Amino acid sequence: MSILASLRPATRSLAHIRAFSSTPVHKLYIQSNLQNDQTHPNLASPMDPNAKVYDFRSDTVTAPTDEMFDIMKSASRGDDVFQEDYNVNDLEHFVSSITGHEAGMFCASGTMSNQLGLRTHLLQPPHSVLCDHRSHVFLWEAGGISFHSQANVSPVYAHNGVHITAEEVINNIVEEDLHTAPTKVVSLENTLNGMIFPIEEIKRISDHARARGIKMHLDGARLWNAHQETGVPLSEYGRYFDSMSLCLSKGVGAPIGSILVGDAKFIRKSRHFRKLFGGGWRQAGGMAKVAKHCIENIVPTMPQTHKIARRLANELQAMGITLTFPQMTNMVFINTASAGVTINDILPALLRRNIKIGGNGTTSRLVLHHQINDEAADILLDTLKEVIAHKKSLGARPISGSEIKQDAVKAYTQ
């Protein structure tokens, strides 16, 4: 037996081992979406500027409608920093009430409301935040936890592929010790990659964390989708969190904004931090009034959006395309390798039909929202069928890993 082998500990389930290693993050959909699709080198002619464009890259791309601009015109015009704007106060009260919390604060973005929530909980370093290793607060908020809160992050691997479990949380909580940054906040995300976090598991995690004096934060950017798909009231989710961030500019369809909710003392302190962050906005009534309109009128349409996403997922699988995550709400994650095509093969054909998607190599995230209808799904599906059939006629076969890597580099450099 080698010296190294003799030093290895007895094998245990990975769920019971806290790994002291950084999470490997590969280039994902966000980076590839930064490419300017309309200048794709394989596109012979530009997109028709007069035709309707269907954008599957994200639900952040929803465009304000003429009706929304009319609503903004009739909004109050007070100063929100002084908390004197009627429509902002009304929105904050409305969202805090339906989520079962005492108070709310209207912010410019989901990143801001998440980071304000975490910063308000994290009183004094050394301290850390426990979250899923795929969490937005960990991967896609520019390192905000370390920058704003001087906090470490304990990213936890979800072995079931959908969500972290109470056992995984318990086994990864960092205890108080002279050498550690103890866990002070557990941050969950619902939905994550379009996948729903079961309310029963949330309760188990919350019960254990709170019993140990650990705060619970929810990145609920797309909690509206989970609520509409499951029928679980927002207030039921709210019972298990000390703070919740709910985005208004994604599936809700508002032009801008996010809401942070919690108890009155928590929101009062968060408001002070918002000013410190440079996030105090003045005449925000127009944005607030249209956001409430979207909650009342667009959120109820989410089940139809999820239905279209299910059809899309089923028909893509029938073409030989693989789903990389279960489709539960408005997102369809795909890998086209088994169909013999890359995203770079597909993009030009879709752009010619005024369809935008992101992705690189053979992977893409298709995100549906209230401005994606059955017609858009049909165009996307028909185009993919044509591209796959054309590639097969040229002798295409399932794509290997090395070929995927080469195509991803080519697409990114172009």
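These are legends for several close-up views of the structure above. It's a predicted model, in which local features need pLDDT of at least 70 and side-chain atom pairs count only at pLDDT 80 or more, while totals for chains, interfaces and linings use all residues. Residues are numbered from 1 along each chain as its sequence is written, and side-chain values use heavy atoms, with hydrogens and water left out.

**View 1. The seven-stranded sheet is open and mixed.** Its strands run in the order 2-8-7-6-5-3-4. At the edges you'll find strand 2 (103-107) and strand 4 (152-156), each with a single partner, so one side of each has no neighbour in the sheet. From one strand to the next, the twist averages 20 degrees. Strands here are DSSP runs of E, at least two residues long, and helices are runs of H or I, at least four, all numbered from the N terminus. Two strands count as paired if DSSP finds at least two bridges between them.

**View 2. Strand 3 meets strand 4, with helices packing on the sheet.** Strand 3 (residues 128-132) pairs with strand 4 in the parallel sense, over five bridges. Look for Leu-130, which sits opposite Ser-154 of strand 4. Helix 5 (residues 110-121) packs on the sheet and touches strand 2, strand 3, strand 5 (183-189), strand 6 (215-219), strand 7 and strand 8. Its direction makes about 175 degrees with that of strand 6. Helix 4 (residues 86-98) lies across strand 2, strand 7 and strand 8, at about 125 degrees to strand 2. For these angles, axes are lines fitted to C-alpha atoms, for helices over the stretch in contact, and values run from 0 to 180 degrees between N-to-C directions.

**View 3. Lys-250 sits in a loop between two strands.** The strands on either side of this loop are strand 7 (243-247) and strand 8 (258-262). An unreviewed UniProt entry annotates Lys-250 as "modified residue: N6-(pyridoxal phosphate)lysine"; UniProt positions follow the numbering used here, feature names are shortened, and annotations may be inferred rather than shown by experiment. Lys-250 counts as buried because its relative accessibility is 14%. Buried means under 20% relative accessible area, exposed over 50%, and partly exposed in between (1.4 Å probe, protein chains only). Neighbours within four places in sequence aside, Lys-250 contacts Asp-59, Thr-60, Thr-62, Ala-221 and Arg-222, where contact means heavy atoms within 4.5 Å.

**View 4. Helix 3 has a buried face.** In this helix (residues 66-73), Met-68, Ile-71 and Met-72 are buried. Seen down the axis, the buried residues fall within an arc of 100 degrees, so they line one face; the arc is that of the directions from the helix axis to the C-beta atoms. Asp-66 and Lys-73, on the other side of helix 3, are exposed. Helix 13 (285-297) is included in what covers the buried residues.

**View 5. Three strands make an open antiparallel sheet.** The order is 9-10-12, with strand 9 (322-323) and strand 12 (363-367) at the edges, each pairing on one side only. Strand 10 (residues 331-335) and strand 12 share five bridges in the antiparallel sense. Met-331 faces Val-367 of strand 12.

**View 6. Helix 15 is mostly covered.** Eight of the ten residues in helix 15 (343-352) are buried, among them Ile-343, Asn-344 and Leu-351. After the helix comes Asn-354, whose phi is positive, near 60 degrees.
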